[in-house]
Amino acid sequence: MTLSLSSTNNDTACLLISGELDQTVLVHDYWSTLADKDKQELVGEGNLKIDLAQVARADTAGLAWLINVVKDAKVNKVNVSFANVPDKLLNLAQLSGANTILTR
């Protein structure tokens, strides 16, 4: 899994996730891996768009990881939205009762 965080000019940061979003690559929650500078930028922008267009595969651990990103962002007053959510991940979220979190 590769994570790429960038800023846009409309007060929204974009997190592009590529590769596999599953239990074999997920070790830490996202917020704890961010540098203090990146945390401050996210809080300052107030919005984070997570782009999942390049996710090849995701499992329940990946879904839990995304839920934790949303939870940690909310605690820090950062709104999270998702783009390009794969159908399989949406189905998994629906089966898990987390479909309201992963909206397109």
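The exchange below asks how terms applied to this predicted model follow from their definitions.

Me: What do the residue numbers and the computed values rest on?
Reply: Residues are numbered from 1 along each chain as its sequence is written, and side-chain values use heavy atoms, with hydrogens and water left out. Because the model is predicted, local features need pLDDT of at least 70 and side-chain atom pairs count only at pLDDT 80 or more, whereas totals for chains, interfaces and linings use all residues.

Me: What makes β2 and β3 a pair?
Reply: Two strands (DSSP E runs of at least two residues, numbered from the N terminus) pair if DSSP finds at least two bridges between them. Eight bridges join β2 to β3, which run parallel, so the definition is met; one of the bridge partners is Ala-58 in β3, which is matched with Leu-21.

Me: Why is the β3-α3-β4 crossover called right-handed?
Reply: The term applies if, with the strands pointing away from the viewer, the path from the first strand over the helix to the second runs clockwise. Here the chain crosses from β3 through α3 to β4, and the crossover is right-handed, so that path runs clockwise. Five bridges join β3 to β4 (residues 79-83), and these strands run parallel.

Me: How do you know that Leu-66 touches Ile-17?
Reply: Contact means heavy atoms within 4.5 Å, and Leu-66 touches Ile-17, Leu-21, Ile-50, Leu-52, Phe-82, Leu-89 and Leu-102, not counting residues up to four places away in sequence, so each of these has heavy atoms within 4.5 Å of Leu-66.

Technical notes
Helix = DSSP H or I, 4+ residues; strand = E, 2+ residues; numbered from the N terminus.
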